[in-house]
Amino acid sequence: MDTHTVYQLFSATYHSDPNVQKQAEGQLRQVEDTPGFISILVQILGSEETEVETKQAVSIYLKNRVRSSWTSEDLPTHNITPIDQQDRETFKANILRILVTVPNPVRVQLLDSLNRVLVCDYPNKWTDYMNQVHALLGTNDAKMAYVGLLALQQVVKVYQWRGTEDNSPLVEIIQSTFPITLQMAQSLYNENSLDAAEMLRIIVKTYNIATQYELAKHLQDNSSLVPWVTLMLQIVEKSVPQEMLPEDLEERQKFIWYRVKRRSCQNLNRLFSRYGNPAQLGQSSKKYTTFAENFIQQFGPQILRVYLQQTERWIKKEIWLSQKMLFFFAEFFRDALTHKLTWQIMKPYAETLVSHFIFPQLCFSEEDEELWVDDPVDYIHKKLDPLEDFSSPVAATITFLMNLAKHRNKFIFKKILNFINNVLDTYRDAPPESKNPRQKDGALKMIGCISDLILRKKSGIAHHMESFFTAYVFSEFQSQYPYLRARACDMLIRFSKMDFENKANLGTAFRGVATCMRDTELPVRVQACLSLQYMIQHESVRNALIPSLPMIMQELLNLTNEIDADTLSGVMEEFVEVFSEELTPFAIQLTEQLRNTFLRIMQDYQDSAAVPVSGELSTELDISDKTMAASGVLKTITTLLLSLERPELLSQLENALLPVITFSLDNAIIDLYEDIFDIVDTCTFSTKQISPTMWGIFELIYKTFKDTGIDYIEEIFPSLDNYISYGTPYFVQNPTLQRMVYDIVETVMTSDRLNESERVCGCKLIESVLLNCRGSVDQYVGPFIDLVFNYLSNTENISLSNFKFYCIEAVINCLYYNPLLTLHILEERNLTQVIFNIWFHNIKRFSRVHDKKLVVVTLCSLMEIPVEQLPSILQAGWPQVLGVILTIFNSLPKAEEIRNEMEKMYENESEEDDDDETEGESKNKDGQAIGDEDGWEDDENVHDDDTEYLEFLAQEAARNARATDSDEEELEEEVLYESPLDKIDVYIKFHEVFVGVQQHYPASYNLLTKNLDTEKQNFIMKIFSIADERRKKLENQTNQTNENNN
């Protein structure tokens, strides 16, 4: 196909007639794999005569084609033909030149393609790339230098997430190019143009990418560090001409010079917090100790002073700072207070930072009020969703306040409290026209942020908080300002651990919340419902709520419908759990309401998913909110199901929930699969039977697994196990169902999309089929053995990974299911000796009660076969069988004890109160409670709990990364796991089988016992004694039951 034809086809892809578009797209798909096609696209992009719209269409196509078809290996993958080698060379030879000439919308698409190619080809298959970059950076042409910076950024991005693994090319890139870009940046800093700012932005962002995980040696050296830090501090301090600033505040936040400033702040913060603060270095960062000691002395104070000066000018309203800059300032202040040197510099400013930096940002702002009025739902999302608020300056400011009060408690804590009291007293004493409600909101929010510190026993003020509420909080339930009514509710959440000594005050709080639940303002109603979740810990509140429970649940559903977020799902779950008995009469009605809410949200979800592409980003956010809201409703349904103990009621609820399950699976709402299968699992497990309703969706579950659900096998497995365990009679009579389950097993065991941990589900499913369907699935024994033995063929006499352990258990289950059939299959495949060697060699891995019982009952089944019918290899080692059984019985009591303890722990878990006397009372490194007079000394470095926790996570990640397939890990008891073996007492089983063999198969018995010494004989007698005791106990229980029934 020639260039002109391809050009015309791409021009037609944005034709106003959709039929013309579709025809052109179809023709392009027919020729896209043709060698030379990509070269034609490169030619179109490089031509100055090509229309911008066509270049845009070509660049978008090329981005998608490169993403899917430019692989590291020139091999077909998933029916996609790799891009032709000559086309690849043409692309690499021309892409940087094309980037210089194309308009920015096209350049953005092509940079994505460039990065993908670099990921696959650099450095080995694109050896001259950096030579091209150097040539661009060394030119005097601004446009070419700009593309050189972009090209450098893309190759540095290749190593952004690779950590220390194979980053030697990055080190070379930094050494050769960063001195050049530094020199460029120093020159650009003196300019005010937007082009200069854009080039500076790329330079400091590239520095940011290069320091993501490691700080290269070159960048640690003072010859590099001094000019880079100096440059970025100059950028932070740079005055932007007023006439350049957009009038609109939203546009100003995104203004290019402030983007450069915020990226410089981010770099400086990272240099300090991750690499340069000795007080925050974890064990994995000890290699930076020397660098940190140098940085904290030479640069930490310098950065802090610039930030403090900028903050002071902002306080005096001499300069404007973007929200992101305020965020990074607060983040740096938080970290700077941990080191004694930077703390001594900050200390004189601490009170000013509290009153003029922290406090104003915590007050209810004009922007907050505008959002509240214009879009209360968005306000709720932004203010009550912690993920929405995570990167906001207010969130960083709160963290700074909390760390300041905690770590420099002795110096600042009481000063913070005095400041808050002064604000509140001023508000209380001022005449109505002079009151500033925004400041009262800020003061209450501030004290709420440090509530944990206040409520600690040694704070000295916890006992004053009830009177504080009566003086400053309760009155705001009737405030004329809606945000103060919401704040009063929020204060009850913040101080939920506070006990009201005066029950009248608790009553006042409850009535205030109840009033706010009927408020005209949506954010107030939502906040009231959230506070109610914490108030029901009080018995008097629970009793007062009982008559109104249906109304409250309805209100919660209405609010969930209104805000389309999971904000209130925790409240609904808590109510369902706490008031399970009271809500049982309304269970069907409540379930139907929850179902209707879910279906309404999902209808909106489908409508949102169908919006035009132009709204892509906002649409994605909207869809995310809706799926989170739907997930919250599903979790509430699951909690409701778990709280009910009447099987007949659960059966009715299954019918009500059928549309929820079918909608989610039919429409492949993958984000909800975990919640949906939780519901299926709960329905089938709680009733211990499979109703026609639930059998009706089994095929849909199978279809979901095959189409979109394979990655969710761990979530699907419990439901599949329930179907087999509790629907056995129907399952064994239905060959179609059996074929579906086998297909699932085969897919799990063979698909390259699953790892070993996920394949365990295949082994467990095999066990479920064999244990529950004895005598009914003979045709699958051989295929099951073949599937698992693929992973055992090289395992003889070596340790087993967890997955391979489950594989050998699957074979053992085959032996228990039908010993003669399985032995015949093993003999045919010449696997008998291999299997038994692996099994007996790893007998100590059978540590759980279920594993031990499986071994005993399986070996008992083998013992019941006359020895002459056994394979010769087993006959030769037959005495080992009894030795293995005795080994299992020797450790069984301990295993049973561990399981019983775990069962008790599980039963008591919901009843235990997590609170204890020291709740919330964290301690510093010397064991002192934070909040007393013996807190951190001002000349000490602060032991940072957050750094310690992050270090722990890093160590765990490293440990997991080192784990290999051969690692032996202790398998934990699965307390909720049920199987037919639970009904078998292996002591009684062994006693009966052993005596039967002795009586009926003397040859087998003699061979079995020929190596028994006195100690083992005595142990066998002890097992028999325990069997007799257990048999008598069972008989007594049976007699007692019969008597009760009569």
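**Helix packing and burial: worked exercises**

Helix 16 and helix 17 are oblique to each other, a term kept for angles that are not under 35 degrees (roughly parallel), over 145 (roughly antiparallel) or 65 to 115 (roughly perpendicular). The model is predicted, so that local features need pLDDT of at least 70 and side-chain atom pairs count only at pLDDT 80 or more, while totals for chains, interfaces and linings use all residues. Residues are numbered from 1 along each chain as its sequence is written, and side-chain values use heavy atoms, with hydrogens and water left out.

**Exercise 1.** Work out at what angle the axes of helix 16 and helix 17 cross, and which residues meet.

*Solution.* Begin with the axes, which are lines fitted to C-alpha atoms over the stretch in contact, with angles running from 0 to 180 degrees between N-to-C directions. Those of helix 16 (residues 300–315) and helix 17 (residues 323–336) cross at roughly 135° and come within 11 Å. Helices here are DSSP runs (H or I, at least four residues), numbered from the N terminus. Next, list the contacts, meaning heavy atoms within 4.5 Å: among the residues that meet are Tyr307 and Trp314 in helix 16 and Phe329 and Phe333 in helix 17. By class, the residues of this contact divide into eleven nonpolar, three polar and no charged, where Ala, Val, Leu, Ile, Met, Phe, Trp, Tyr, Cys and Pro count as nonpolar, Asp, Glu, Lys and Arg as charged, and the others, Gly among them, as polar.

**Exercise 2.** Check whether the span of helix 12 agrees with its number of residues.

*Solution.* The expected span is 1.5 Å times one less than the number of residues. For the 16 residues of helix 12 (residues 222–237) this should be 22 Å, and because the end C-alpha atoms are 22 Å apart, the two agree.

**Exercise 3.** Decide whether Gln533 and Ser569 are buried or exposed, and find what each touches.

*Solution.* Buried means under 20% relative accessible area, exposed over 50%, and partly exposed in between (1.4 Å probe, protein chains only). Gln533, in helix 30 (residues 522–535), has a relative accessible area of 19% and is therefore buried. Not counting residues up to four places away in sequence, Gln533 touches Gly570, Val571 and Glu574. Ser569, which lies in helix 33 (residues 569–578), is at 10% relative accessibility and so counts as buried. With its neighbours within four places in sequence left aside, Ser569 is in contact with Gly632 and Thr636.

Key: Helix = DSSP H or I, 4+ residues; strand = E, 2+ residues; numbered from the N terminus.
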